[in-house]
Amino acid sequence: MKKIALLSISLLFAGYASAQKYSSKTGKIVFEASVPLFEDIFAQDDNNLVILNTDNGEMASVSAVKNFRFKTKLMEEHFNESYAETSKYPKATFKGKIAGFDKTKIAASPQKYTVQGTLNFHGVDKAVVSTATIYTKDGKIYMQGNFIVKPVDYKVTIPKMVTKKIAENVNVEYNYILIKS
């Protein structure tokens with residue numbers, strides 16, 4: 001399994017080999033699907049792999065879906081077995097581009113950019129658009145943003161008995177500190 005994951009990552013990032021790139025193996029992704037009056041549904045992955053080609057603004061990331069941690073083990077178990085089906089769909093990937101990205105214009109003061117690309121989750125590819133705040137400090141590139149996804153768009157089946165407890169729109173936030181590779 002590790003060989004397959006390593007090969008997938010290698011192929012995903014193959015186009016970035018000769019470009020000036022920044023990357024992180026400890027990118028943070030958080031999602032929340034809570035609704036009022038019910039238990040919070042919140043999970044975090046601190047091992048998201050992300051790479052940014054600073055020559056053209058292209059970026060890609062990959063997460064092992066089972067790395068998302070919930071506040072309770074039972075919630076984590078239900079997520080992995082019933083919703084995300086991590087045995088069938090072990091990873092989530094994003095491949096896209098930062099619109100109007102120019103590495104010479106990245107400064108210490110945060111600037112807003114639009115990130116457009118394709119998110120693959122649960123075996124489904126969907127276009128996503130995000131507003132990201134990007135800045136540089138101490139030779140690193142900091143990038144944070146968020147976007148909304150709908151479980152139904154990714155063919156995630158939610159049992160009727162819990163549909164009122166899980167939000168229709170899931171807020172996904174990311175926070176990356178990228179270093180020159």
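A pocket, in the sense used here, is an open set of grid points where a 1.4 Å probe fits, with protein on both sides within 12 Å along at least five of seven lines, and its lining residues are those with an atom within 4 Å of a point. Keep that idea in mind as we walk through this predicted model, because rolling a probe the size of a water molecule over the atoms shows where empty space is left.

Let's start with the overall plan. The chain has two helices and nine strands. Following the sequence from its start, you meet them in the pattern α-β-β-β-β-α-β-β-β-β-β. Of the 181 residues, 42% count as buried. Now think about contacts between residues at least 6 apart in sequence: 62% of them join residues at least 24 apart.

Next, look at helix H2, which covers residues 73–83. Which of its residues are buried? They are Met75, Glu76, Phe79, Asn80 and Tyr83. If you look down the axis of H2, these buried residues fall within an arc of 130°, so they line one face of the helix. Turn to the face that points away from the buried side and you will find the exposed residues Lys73, Leu74 and Glu81. What covers the buried residues of H2? The cover includes strand E1 (21–32), strand E4 (69–70) and strand E6 (111–121). Just after the helix, Glu85 takes a positive phi of about 50°.

Helix H2 also brings us back to the pocket. The largest pocket has a volume of about 960 Å³. It is lined by 44 residues, and those closest to its centre are Phe31, Ala33, Phe70, Phe79 and Val170. You have already met Phe79 as one of the buried residues of H2. Several elements give two or more residues to the lining, among them E1, H2, E6 and strand E9 (170–180). Which element provides the largest share of the lining? That is H2, with five residues. Sorted by class, the lining has 34 nonpolar, seven polar and three charged residues.

Now let's follow the strands, beginning with E3 (58–64), which also gives two or more residues to the pocket lining. Strand E3 is mostly covered, with five of its seven residues buried. One of its partners is strand E2 (residues 42–53), and the two pair in the antiparallel sense over four bridges. In this pairing, Leu52 stands opposite Met59. The hairpin of E2 and E3 has four residues between the strands, and here Gly57 takes a positive phi near 80°. Strand E3 also pairs with E5, again in the antiparallel sense, over seven bridges. There you can find Ser63 opposite Ala92 in E5.

Another run of pairings involves E7, E8 and E9. Strands E7 and E8 run antiparallel and are joined by seven bridges. They form a hairpin with two residues between them, and Asp138 in the turn has a positive phi of about 55°. Strand E8 then pairs with E9 in the antiparallel sense over nine bridges. A good residue to pick out is Met143 in E8, which has Ile134 opposite it. In E9, the bridge partner of Met143 is Tyr176. As you trace these strands on screen, remember that in a regular strand the side chains alternate between the two faces of the sheet.

Methods:
Residues numbered from 1 in each chain as written. Predicted model: local features only at pLDDT ≥ 70, side-chain atom pairs only at ≥ 80, totals over all residues. Heavy atoms only, no water. Buried < 20%, exposed > 50% of the residue type's maximum accessible area, 1.4 Å probe, protein only. Arc of directions from axis to C-beta. Contact = heavy atoms within 4.5 Å. 1 Å grid on protein atoms, 1.4 Å probe; cavity = no way out; pocket = protein on both sides within 12 Å on 5 of 7 lines; lining within 4 Å. Points joined across faces, edges and corners; volume = space filled by probe spheres on them. Nonpolar A, V, L, I, M, F, W, Y, C, P; charged D, E, K, R; others polar. Pairing = 2+ DSSP bridges.
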